[in-house]
Every structure is written in C-alpha cells, then in structure tokens.
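Biologist: I'm new to this one, and I'd like to talk about its hollow spaces. Can you put it on screen and walk me through them?

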Amino acid sequence: MFKTIEYVDGVVRMIDQTKLPLEKLYVDCRTVEEVGRAIKTMVIRGAPAIGVAAAMGISLAAESIQADDFGAFYPLLEERCAELGKSRPTAVNLAWAIDRMKRVAKDHKGMGIASLKDRLKREALAIYEEDIAANRAMGEFGQALVPDGSAALTHCNAGALATAGFGTALGVIRAAVNAGKRVRVLANETRPFLQGARLTVWELKEDGIPVKLITDNMCGFFMKKKQIDLVVVGADRIAANGDVANKIGTYMVAVMAREHDIPFYVAAPISTLDLSLPTGDEIPIEERSPDEVAFINNKRIAPEGVEVAHPAFDVTPNRLVSAIITEKGIALPPYAESLARLAGKK
Ligand code: MRU
C-alpha cells in the first residue's frame with residue numbers, strides 16, 4: 001500500500017501524483033514554500049489531502065521561524081499562512097486547515113515558542129489522523145447506499161490519493177467491498193488532468209476492486225444501457241444550501257444521472273462544508289493553464305494560438321444531489337437544514 005502524505009523528521013513526503021501511474025516517486029518538502037508549490041502543481045491534490053498538506057506546511061513554517069516570543073513569532077507565521085492560502089482557490093479544506101492551525105497558535109500563545117512549535121506539529125498530525133477516521137466513518141454510513149452487485153460511476157479521484165487515506169467517494173466503495181458486497185466501479189477518465197484514468201483506476205487496481213475506465217462522454221451511453229446503478233463523487237466545497245463544487249464535468253454527470261433516475265451521491269467531510277456561502281454561485285472556481293487542455297503528455301493536440309478555456313471545477317445544484325455522505329451521517333434535502341444540523345450549527 002502507498003502513503004499519500006506523511007510527516008516525519010521535519011520532512012513532508014508526498015507521492016507525486018503528476019507522475020502516477022507510470023512512476024511511483026515521492027517528493028520531499030522541507031519548507032512551507034515547497035509544500036505550496038506541490039499543492040499548486042498538483043503533486044498533491046484532492047480537497048482533504050490539500051488541507052492535510054497545508055497543516056503540515058504550516059508546521060514546517062513554524063519550525064523555521066526564529067523568534068523568542070509570540071509577538072515576534074505570530075506575524076511571521078501569519079505571513080506564511082497568507083501565502084500558502086493562495087496556492088489553490090476552490091477546495092475550502094485549504095483555508096479550513098490554515099485557520100485551524102492559526103487558531104491553535106493563538107490559543108497557546110503563552111506556552112513558549114519551542115512548546116508551541118511542538119503543539120503545531122501535533123495539530124498537523126491530528127488533522128491527518130482525523131481525516132482517515134472521517135473517511136472510515138463516511139464509508140460506514142455511505143456503504144448502506146451501495147447495493148450488492150451494483151456498478152458505481154465516479155468522476156475525478158476522491159480516493160486514498162485525494163485524502164490522508166481510504167478516500168471519500170472511493171472510501172464508500174471500499175467500505176461496501178469490506179462489508180462483503182460485490183461492487184464494480186466505472187471511472188470517468190476526467191479530462192483534462194485525467195485524475196480518473198491515472199489515479200482512480202490505479203488505486204482501485206492496487207486494492208483489487210473491479211474497475212472499468214471510460215471517457216467522460218461515455219457515461220450517458222452506459223446509463224442508458226442500465227449499466228450504472230449509482231454515482232458517487234467527492235467535493236471541493238459545499239455551500240450552505242447543498243450546492244456542490246467538484247471537478248469539472250461533475251455537473252454533466254449529475255444531469256445525466258437525473259435523466260436516467262440514477263442516485264447521485266456526494267461524499268465529503270464536514271471540513272469541506274462552507275456554510276458561510278449561501279449558494280454555490282459564490283464558490284471561487286479555479287481557472288488552470290490552457291496548456292493542460294491543449295497538450296496531452298507534452299504533445300500539442302490543438303492548433304497553436306487557439307483560444308482555450310480551463311475552469312477546473314463546476315457546481316452541481318443541490319436539486320440534482322440525492323444525498324451528501326459525511327462522517328457525522330447522511331444529509332438529505334433540504335440541505336440548508338440537514339447540513340447545518342450535521343455541522344453542529346442547529
Ligand atoms: O483538481 P483536483 O484533482 O484537486 O480536484 C479534486 C476533486 O475534484 C475531488 O473530487 C475532490 O477534491 C474530492 S477529493 C476527496
């Protein structure tokens with residue numbers, strides 16, 4: 001088994017997701033700037049994994065700060081947090097993890113700098129452990145929705161690679177398999193970054209879970225043939241009303257699922273909820289490089305000079321979402337109430 005990310009002896013080590021599945025290489029980050037670069041360039045990606053990496057990066061930043069008291073230490077930590085916060089805009093887990101680390105620093109300002117650095121390291125490791133526990137809990141709740149003998153479609157990679165381990169959407173599949181159910185997965189390749197073809201297929205194969213790779217434009221074909229029984233995807237940010245931002249193409253899958261009366265499930269931890277945003281319209285959508293669309297494997301596939309668009313995420317409106325699976329339980333419509341309740345707000 002592989003580790004997506006770990007933090008040992010002052011080094012944050014990540015499996016390089018830009019190289020999978022052809023090469024299994026690891027990248028070592030020794031500074032918060034290196035962690036920020038790894039997030040930006042998608043060495044590590046997936047909302048919860050980005051959050052975990054950010055927390056570890058802030059611990060690295062704290063370790064590097066030379067200061068004798070909190071008054072000198074904290075502004076420098078805040079500066080590095082602000083810079084790291086700019087690395088990717090859509091997954092709210094990044095801001096969530098940064099805020100949590102800042103809060104811990106402020107809550108322990110009296111403890112002395114050496115102890116505070118240790119405390120921040122422990123917090124980063126706690127965020128890592130909690131993410132795995134959340135995924136396992138989500139899996140237990142979610143697997144009840146997966147019938148024995150069913151075929152589940154997924155989009156992008158919401159697996160062990162996108163989290164500290166086990167996965168959100170793929171965690172639901174893993175839990176169903178662990179419960180003795182026979183489940184097959186259809187994986188959308190997920191143009192343009194190919195998280196489905198490169199990552200989802202790779203990690204399911206490693207686990208021996210049956211998986212079939214399809215291109216994104218094939219899912220309607222298989223739905224019409226009744227070869228897909230449910231859809232389960234992850235999320236990068238979920239607004240208070242249950243609108244879901246996830247990898248570009250997710251919205252299209254949700255529309256197709258509704259047309260064919262197929263349940264469309266989203267699995268995401270509470271840290272992916274952004275109850276400060278009333279609807280998905282307010283979610284910032286990352287625009288990535290046109291080259292990721294115009295080139296495949298460094299080979300140009302479109303005429304030079306052509307205009308290219310590359311929004312990396314889309315928003316699926318809540319009316320198309322059958323249920324949202326969290327580690328606290330399953331939210332059903334109306335989401336404004338059910339999500340607030342699960343998040344402990346009501
Ligand atoms: O651009 P990416 O690869 O970071 O996008 C990832 C996704 O859209 C995932 O589905 C989402 O982060 C959930 S991961 C558990």
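Modeller: Sure, and keep in mind that this is a predicted model. Let's start with the second largest pocket: by class, its lining has 12 nonpolar, 4 polar and 8 charged residues.

Biologist: What makes the second largest pocket a pocket, and what volume does it have?

Modeller: A pocket is an open set of grid points with protein on both sides within 12 Å along at least five of seven lines. This one met that test, so it's listed as a pocket, with a volume of about 420 Å³. Its lining counts 24 residues, and closest to the centre are Trp96, Pro269, Ile270, Ser271 and Leu273. Two or more lining residues come from each of α2, α4 (93-107), α5 (113-143) and β11 (273-274).

Biologist: Which element gives the largest share of that lining?

Modeller: That's α4, with 6 residues. Domain 1 (5-136) and domain 2 (137-342) each put in at least three.

Biologist: And what is the volume of the largest pocket?

Modeller: About 540 Å³. It has 16 lining residues, with Arg198, Phe295, Ile296, Asn297 and Asn298 the closest to its centre. Both α10 (291-294) and β12 (295-296) give two or more residues to that lining. Sorted by class, you get 8 nonpolar, 3 polar and 5 charged. Here too, domain 1 (5-136) and domain 2 (137-342) supply at least three residues each.

Biologist: Why are some of the spaces called cavities?

Modeller: The word is used where a 1.4 Å probe fits but cannot get out. At 30 Å³ or more, the structure holds 2 spaces that pass, so they are called cavities. The largest has about 170 Å³ of space, and the second largest has a volume of about 40 Å³.

Biologist: What lines the largest cavity?

Modeller: There are 22 residues around it, and Arg45, Gly46, Ala47, Asn157 and Asp236 lie nearest its centre. At least two lining residues come from each of α2 (47-64) and β9 (244-247). The split is 11 nonpolar, 7 polar and 4 charged. Domain 1 (5-136) and domain 2 (137-342) each bring at least three residues to this lining.

Biologist: How do you know which lining residues of the second largest cavity count as charged?

Modeller: Asp, Glu, Lys and Arg count as charged. The lining includes Arg191, Lys247, Arg288 and Glu292, so those are the charged ones. That agrees with the split of 4 nonpolar, 3 polar and 4 charged.

Technical notes:
Residues numbered from 1 in each chain as written. Predicted model: local features only at pLDDT ≥ 70, side-chain atom pairs only at ≥ 80, totals over all residues. Heavy atoms only, no water. 1 Å grid on protein atoms, 1.4 Å probe; cavity = no way out; pocket = protein on both sides within 12 Å on 5 of 7 lines; lining within 4 Å. Points joined across faces, edges and corners; volume = space filled by probe spheres on them. Helix = DSSP H or I, 4+ residues; strand = E, 2+ residues; numbered from the N terminus. Domains from an automatic or database assignment.
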